[in-house]
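I sat down with one chain today and kept notes as I went. The plan was to go from the overall layout to single residues.

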Amino acid sequence: MMPELLGGDIILTVAKVPLIGDVHAALCVGGGWVVNAIPPLVEAVRLVDLNGRWYFSRLRGIGAIYRIDASEEERAAVAEYACRQVGKPYFLWSKRSDTTWYCTKLVWRSWLEGGGLDLAPDARIVFSRDLVE
C-alpha cells in the first residue's frame, strides 16, 4: 500500500517512454495529484491524478518516494510553484530557463523557488540522481 503523499514529495518511477531513460520524476502537490512533465506523451507540464489510469499506463509504477524534511508552509510553497508551471512547454536540457520544463528540472526548480532548497547545486542538467543524493 502506498503511503499518504504530501505536497513536495518527489516521486520516482520506472519509465517506459523514449528519451527520458529509465527513471522519471514527478512532484506531488497534495490530494493525490502530481505535476508532471514527460515526453513524448505531452508537450506541456500537466497536473495528473496519481491514482488515474493515465499515469500508470505510461509508467511502470512508483519506484521510490522521497520526502524532504520541510515545514507545511515550505511544502505548500513548493507545490504552489509547481502548479504555476502547468501548461508551460516541455523542453529537455534547459536548466536555467523558467519558461520550459523537463521532469527533473521541474522538481528541482520547485524546491529551489518554493522551498529555498537547491537539490542539484552543481548540476548543469538535472538528473533524477541529483535530486536524491
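Here are my entries, in the order I looked things up.

**Entry 1: overall layout**

I started by noting that this is a predicted model. I then counted secondary structure and got four helices and five strands in the chain. Reading along the sequence, I wrote the pattern down as β-β-β-β-α-β-α-α-α. The chain has 133 residues, and 48% of them count as buried. I also looked at contacts with a separation of 6 or more: residues 24 or more positions apart account for 49% of those.

**Entry 2: the main core**

Next I went for the nonpolar residues. In soluble globular proteins, nonpolar side chains tend to be buried together. Which residues touch the most other members of the largest nonpolar core? I got Ile10, Leu27, Val107, Trp111, Leu119 and Leu131, out of 27 residues in that core. I then checked who supplies it: β1 (10–15), β2 (23–30), α2 (72–83) and α3 (103–115) each give at least two residues. The largest share is from α3, with five residues.

I picked Ile10 for a contact list, skipping residues up to four places away in sequence. Its partners include Ala26 and Leu27, then Ala64, Ile65, Tyr66 and Ile68. Further along the chain, Ile10 also touches Val107, Trp111, Leu119 and Leu131. Apart from this core I found another one, of seven residues, with Leu5, Ile11, Val34 and Leu50 among them.

**Entry 3: strands β2, β3 and β4**

I moved on to the strands. I first asked how much of β2 is covered, and six of its eight residues turned out to be buried. Then I looked at its pairing: β2 and β3 (residues 33–36) run antiparallel, with three bridges between them. For Cys28, I noted Val34 as the bridge partner in β3. Leu27, one of the core residues from Entry 2, stands opposite Val35 in β3.

The link between these two strands is a hairpin with two residues in between. Which residue in the turn has a positive phi? I found Gly31 there, at about 65°.

On to the next pair: β3 and β4 (residues 46–49) are also antiparallel, and four bridges join them. Here I wrote down Trp33 with its bridge partner Asp49 in β4.

**Entry 4: α2 against α3**

I wanted the packing geometry of these two helices. Their axes are 8 Å apart and the angle is about 125°. Is that roughly perpendicular or oblique? The perpendicular class runs from 65 to 115 degrees and the antiparallel one begins over 145, so α2 and α3 are oblique to each other. The crossing is right-handed. On the α2 side I listed Glu74, Ala77, Val78, Tyr81 and Ala82 as making the contact. On the α3 side the list is Arg109, Ser110, Trp111, Glu113, Gly114 and Gly115. Trp111 was already on my list of core residues that touch the most other members.

**Entry 5: single residues**

I finished with four residues.

- Gly7: I found it in the segment before β1. Its relative accessible area is 14%, under the 20% cut-off, so Gly7 is buried. Gly7 touches Cys28, Val29, Gly30 and Arg75, leaving out residues up to four places away in sequence. I also checked Gly7 against Glu74: they are 67 residues apart in sequence and 9.2 Å apart in space, C-alpha to C-alpha.
- Gly32: this one sits in the loop between β2 and β3. Beyond its neighbours within four places in sequence, Gly32 contacts Val48, Asp49, Leu50 and Asn51. Leu6 is 26 residues from Gly32 in sequence, and their C-alpha atoms are 8.5 Å apart.
- Asn36: I located it in strand β3. Is Asn36 buried or exposed? With a relative accessible area of 1%, Asn36 is buried. Its C-alpha lies 8.0 Å from that of Leu106, 70 residues apart along the chain.
- Asp49: this residue is in strand β4. Asp49 has a relative accessible area of 31%, between the 20% and 50% limits, so I put it down as partly exposed. The C-alpha atoms of Asp49 and Val34 are separated by 6.5 Å, with their positions 15 residues apart along the chain.

Conventions: Residues are numbered from 1 along each chain as its sequence is written. This is a predicted model: local features need pLDDT of at least 70, side-chain atom pairs count only at pLDDT 80 or more; totals for chains, interfaces and linings use all residues. Side-chain values use heavy atoms; hydrogens and water are left out. A nonpolar core is a set of buried Ala, Val, Leu, Ile, Met, Phe, Trp, Tyr and Cys residues joined through side-chain atoms within 4.5 Å. Buried means under 20% relative accessible area, exposed over 50%, partly exposed in between (1.4 Å probe, protein chains only). Contact means heavy atoms within 4.5 Å. Two strands pair if DSSP finds at least two bridges between them. Axes are lines fitted to C-alpha atoms, for helices over the stretch in contact, and angles run from 0 to 180 degrees between N-to-C directions. Angles under 35 degrees count as roughly parallel, over 145 as roughly antiparallel, 65 to 115 as roughly perpendicular and the rest as oblique. A crossing is left-handed if the near helix is turned anticlockwise from the far one by less than a right angle, and right-handed if clockwise.
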